[in-house]
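I opened this entry to log what I looked up in the strands, the packing and the charged side chains. Short notes follow, one topic at a time.

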Amino acid sequence: MERKWWKESVVYQIYPRSFKDSNGDGIGDLQGIISKLDYLKTLGVDVVWLCPVYKSPNDDNGYDISNYQDIMDDFGTIADWEILLQGLHDRGMKLIMDLVVNHSSDEHAWFAESRKSKDNPYRDYYIWRPGKDGREPNNWGSFFSGSAWQHDEATDEYFLHLFSKKQPDLNWDNEKVRREVYDMMTWWLDKGIDGFRMDVINLISKVPGLPSVPVEDGESRPYHFGGDYFVNGPRVHEYLQEMNREVLSKYDIMTVGEAVDVTPEDASLYVGEDRDELSMVFHFELMGVDSGPGGKWDCKPWVLKDIKDIITKWQTLLSGKGWNSLYLNNHDQPRMLSRFGNDTDYHKESGKMLATLLHTLQGTPYIYQGEEIGMTNVKFDSISHYKDIEIINMHKEYLDAGHTEEAIMNSIYIKGRDNGRTPMQWNSEPQAGFTTGTPWLAVNPNYTEINVEQALLDPGSIFHYYKRLIELRKEHDIIVYGDYTILAEENEQVFSYLRTLGSERLLVVLNFFGEPAKFELPAEVEARETQLLISNYDVDQTADVRSLELRPYEARVYKFTV
């Protein structure tokens, strides 16, 4: 397996609006991030992924970009950004930027021109169609509710927007669009960045003709998920190989593509080491483990077997072909400790257990800001406190459909994106030390107990456990490059697996629940001279690894040879 710096790295994701405010306006900014670079260095991360900081009207918190080569006023200036980049590089860390090129803002200069007339030179930069029978061109639904089409009176046509109506989709079939994107990417790479996280990159190619989704007779919903016509579309690999050839291959960088609805087989086409496309992808299969047939907001309890099956499938099927990305939360997901752990009785124990999982699988771990101190979901008492466009649209749509306010809010408490967007909790001072003003989104009230200042002072904190996990990754090649084999597959409480590199073995044992559990090492696994690398409880070093009595949410990692 080819060694790469990005395989050996740990990435830290920053959502700038919620990280640190330097000027008291309630919005996190670049100078705020700069002020916390030594904190990131102390944690030990190698790469920072910066969510969008480009010019934007902020309909979708910066994922609607009006100028790809300038900085949003809320965040600062290009000069601030250059100080940030230099500060990271001076501390031995790298920077990857968000690349959002499935769509732009409707306030981008390209779109302003495109909507002026049907024969405008920029018309074909976007996807325009006439209506059909007085309605939209097809029955595709937007990811953010409602139709994926918006009527524009200037030319009496519709433009496609798979997300917000202020996020028109770019037309990747137009070679000029691709050239504009590649030139912009080159501009940033020449400034010295170390790669890109690519937003919904597997949606850029649409099926010609944009056909409607077939529906059964009697179906009353007007709009339907059209993924068959734009997920992993017909030319997506052609475009990514062109991007790699024209831009990416000329730099020593990492790329990670956000990829909706991909299987490991799909992913191997994006990240295969002989494919010349991307370094890795974010898939969402694990993020759907607690969703019912009604989709994201149809919440159900997760089952450990499903988690084990999904992780094992991705670890196994990509092994030797491509590289995994490892995450359990981000800016679009609820907090992992509330979702997969126990954010009350076993806050520290379950936070450390989940961290152990992420940092001992094959792949590159991604830490989302606040995860390293055990930040949790929030329960605002009214929809008026929420800011996320997806939450607000869903709330209205579900109310109109007859759902109760209580049921809707319960789904938001479990799955809403604002769970991951509440401001970073730096200390126990007002507004958690995030701002001296009024924060753009309210701070989670538990900041007085859960904050960075407290975590740094406590040797047994989740933060210090993360720091040790990151150090171990640098000390033991097996953690990065070892093969994966699941153990005790039928155990309904314990997730355990072996990592193998040459004669070395790594044994990982994780109790996913709040009750004690037993683990028996299969007889065929030889274990000599076992060494405990890390655990989230005090452990008898002489304990026999062949038979373990695990405490609630206990995690242990042993190394041995055969």
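**Strand 5 and strand 9**

I started with Asp98 and looked for its bridge partner in strand 9, which is Arg197. This model is predicted, so I read every value as computed from predicted coordinates. Strand 5 covers residues 94-99 and strand 9 covers residues 195-198. I found three bridges between them, and the two strands run parallel.

**The barrel**

Next I asked in what order the strands close into a barrel. I noted 1-2-5-9-10-11-14-15, eight strands with parallel pairing. From one strand to the next, the twist averages 25 degrees.

I then followed strand 1, residues 11-14. On one of its sides I checked Val11 and Gln13, and on the other Tyr12 and Ile14. All four are buried, so both faces of strand 1 are covered.

Strand 1 has strand 15 (residues 364-368) as a parallel partner, through three bridges. Across that pairing, Tyr12 stands opposite Ile367. Strand 1 also pairs with strand 2 (residues 47-50), again in the parallel sense, over four bridges. There I recorded Leu50 of strand 2 as the bridge partner of Ile14.

**The open sheet**

I moved on to an open sheet of five strands, ordered 16-17-18-22-20 with antiparallel pairing. Which strands are at its edges? They are strand 16 (483-487) and strand 20 (528-535), each of which pairs on one side only. The twist here averages 25 degrees from strand to strand.

Strand 16 is joined to strand 17 (residues 494-501) by five bridges, and the two run antiparallel. Thr485 has Leu498 in strand 17 as its bridge partner. I looked for what packs on the sheet there and found helix 8 (residues 304-318), in touch with strand 16 and strand 17. The direction of helix 8 makes about 155 degrees with that of strand 16.

I logged helix 10 (residues 347-359) as well. Helix 10 lies across strand 17, strand 18 (504-511) and strand 22 (555-561). Against strand 18, helix 10 runs at about 145 degrees.

**Salt bridges**

Side chains of opposite charge can pair when their charged atoms come close. I took the total for the model: 47 salt bridges. I picked three pairs to look at one by one.

Lys396 and Asp400 form a salt bridge, with 3.0 Å between the closest N and O atoms. Why are these two about one helical turn apart? They are four residues apart in helix 11 (residues 389-400), and therefore about one turn separates them. I checked accessibility too. Lys396 is exposed, at 54% relative accessible area. Asp400 is also exposed, at 58%.

Arg556 and Glu554 meet in a salt bridge at 2.8 Å, N to O. I checked this pair for burial: both residues are buried.

Arg221 and Glu219 meet at 3.3 Å, N to O, in another salt bridge. Glu219 has 35% relative accessibility, so I filed this residue as partly exposed.

I also traced a salt-bridge network. Its linked members are Asp60, Lys296, Asp332, Asp388, Glu390, Arg417 and Arg421.

**Asp418**

Arg421 of that network came up again when I turned to Asp418. Asp418 sits in the loop between helix 12 (405-415) and helix 13 (452-457). Asp418 is buried, but I found no salt bridge for this residue. Why not? Arg421 is the nearest side chain of opposite charge, at 4.5 Å, and a salt bridge needs nitrogen and oxygen within 4 Å, so the pair does not count.

I then checked what the side chain of Asp418 does reach. I found the backbone nitrogen of Lys387 at 2.8 Å. With neighbours within four places in sequence left aside, the contacts of Asp418 are Tyr386, Lys387, Asp388, Ile391 and Leu441. Asp388 is also in the network I traced above.

**Tyr122**

My last stop was Tyr122, in the loop between helix 4 (109-114) and strand 6 (128-129). Is Tyr122 buried or partly exposed? Its relative accessibility is 27%, so Tyr122 counts as partly exposed. Ala112 is ten residues away along the chain, and I noted 8.8 Å between the two C-alpha atoms. Beyond four places in sequence, Tyr122 is in contact with Trp110, Glu113, Ser114 and Glu180.

Notes
Residues are numbered from 1 along each chain as its sequence is written. This is a predicted model: local features need pLDDT of at least 70, side-chain atom pairs count only at pLDDT 80 or more; totals for chains, interfaces and linings use all residues. Side-chain values use heavy atoms; hydrogens and water are left out. Buried means under 20% relative accessible area, exposed over 50%, partly exposed in between (1.4 Å probe, protein chains only). Lys and Arg count as positive and Asp and Glu as negative; His and the chain ends are not counted. A polar contact is a pair of N or O atoms within 3.5 Å; within protein, one must be able to donate a hydrogen and the other to accept it, and residues adjacent in sequence count only if both atoms are side-chain atoms. Contact means heavy atoms within 4.5 Å. Two strands pair if DSSP finds at least two bridges between them. Axes are lines fitted to C-alpha atoms, for helices over the stretch in contact, and angles run from 0 to 180 degrees between N-to-C directions.
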